[in-house]
Amino acid sequence: VRTYVGFGPAKSMNGELRTLTGEKGSKSEGETTLVFVDAAGTSHQVLNPPGKDEKTRIGKVKVVARSVELSKFAAHLGMPAIWLTSVEAL
């Protein structure tokens with residue numbers, strides 16, 4: 001089963017990388033997920049998080065990212081999903 005069924009064009013955005021922790025009682029309880037919050041306040045699930053040793057793991061950043069259409073069989077968090085192609089700390 002393919003997880004990703006489509007990619008949008010690369011787009012440059014400013015915003016912030018944050019971690020979310022699954023709420024108690026939810027299917028993702030205790031799991032952490034990296035999200036990018038854009039300048040408009042929209043959260044995007046990051047499908048390919050930067051390595052733990054990278055300085056741009058959390059905080060204000062400029063990213064180049066592509067929107068991703070997930071398969072209906074893939075886990076969804078109820079927010080748009082993106083694939084990062086570059087990350088730069090601000």
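Biologist: Looking at Phe-7, is this residue buried, partly exposed or exposed?

Modeller: In this predicted model, Phe-7 has a relative accessible area of 41%, and because buried means under 20% and exposed means over 50%, Phe-7 falls into the partly exposed class.

Biologist: How should I read the aromatic rings, and how many aromatic pairs are there?

Modeller: A pair of aromatic rings is described by how far apart the centres are and by the angle between the planes. Counting rings whose centres lie within 6.5 Å, one arrives at 3 aromatic pairs. One of them joins Tyr-4 and Phe-7, whose ring centres are 6.0 Å apart with planes at 70°, so this pair is edge-to-face. Tyr-4 is itself partly exposed, at a relative accessible area of 28%.

Biologist: What is the geometry of the pair formed by Phe-7 and Trp-83?

Modeller: The rings of Phe-7 and Trp-83 have centres 6.3 Å apart and planes at 85°; since planes over 60 degrees apart count as edge-to-face, that is how this pair is classed. The pair links distant parts of the chain, with Phe-7 in strand β1 (residues 4-21) and Trp-83 in strand β5 (residues 81-89), 76 residues apart. Trp-83 is partly exposed as well, with a relative accessible area of 29%, and Tyr-4, Phe-7 and Trp-83 together form one aromatic cluster.

Biologist: Turning to the strands, in what order do they close into a barrel?

Modeller: Strands of a sheet pair through hydrogen bonds of the backbone, in either a parallel or an antiparallel sense. Here 5 strands close into a barrel in the order β1-β2-β3-β5-β4, and the pairing is mixed. From one strand to the next, the twist averages 55°.

Biologist: How many bridges join β1 to strand β4, and how many join β1 to β2?

Modeller: Strand β1 is joined to β4 (residues 59-70) by 11 bridges, with the two strands running antiparallel, and within this pairing Met-13 stands opposite Val-63 of β4. The pairing of β1 with β2 is antiparallel too and is made over 7 bridges, with Gly-15 having Asp-38 of β2 as its bridge partner. Also in strand β1 is Val-5, which counts as partly exposed at 38% relative accessibility. Its C-alpha atom is separated by 9.1 Å from that of Lys-72, although the two residues are 67 residues apart along the chain.

Biologist: Why is β2 described as largely enclosed by the rest of the structure?

Modeller: The description rests on a count of buried residues: 6 of the 7 residues of β2 are buried, so the strand is largely enclosed by the rest of the structure. Strand β2 (residues 32-38) pairs with strand β3 (residues 43-46) in the antiparallel sense over 3 bridges. In this pairing, Val-35 has Gln-45 of β3 as its bridge partner, while Val-37 is matched with Ser-43. The hairpin of β2 and β3 has 4 residues between the strands, and in it Gly-41 takes a positive phi near 90°.

Biologist: In which sense do β3 and β5 pair?

Modeller: Strands β3 and β5 pair in the parallel sense, over 2 bridges, and here Gln-45 stands opposite Ala-81 of β5. In the loop between β4 and β5 lies Met-79, which is partly exposed at 22% relative accessibility. Met-79 and Val-35 are 44 residues apart in sequence, and their C-alpha atoms are 9.5 Å apart in space.

Biologist: How is empty space found, and which residues line the largest pocket?

Modeller: Rolling a probe the size of a water molecule over the atoms shows where empty space remains. In this case the largest pocket holds about 160 Å³ of space. Its lining consists of Lys-27, Ser-28, Glu-31, Thr-32, Thr-33, Gln-45, Ala-75, His-76 and Leu-77. Sorted by class, that lining has 5 polar, 2 nonpolar and 2 charged residues. Gln-45, one of these lining residues, is also the residue of β3 that partners Val-35.

Notes
Residues numbered from 1 in each chain as written. Predicted model: local features only at pLDDT ≥ 70, side-chain atom pairs only at ≥ 80, totals over all residues. Heavy atoms only, no water. Phe/Tyr/Trp six-rings, centres within 6.5 Å; stacked < 30°, edge-to-face > 60°. Buried < 20%, exposed > 50% of the residue type's maximum accessible area, 1.4 Å probe, protein only. 1 Å grid on protein atoms, 1.4 Å probe; cavity = no way out; pocket = protein on both sides within 12 Å on 5 of 7 lines; lining within 4 Å. Points joined across faces, edges and corners; volume = space filled by probe spheres on them. Nonpolar A, V, L, I, M, F, W, Y, C, P; charged D, E, K, R; others polar. Pairing = 2+ DSSP bridges. Axes fitted to C-alpha atoms, helices over the stretch in contact; angles between N-to-C directions.
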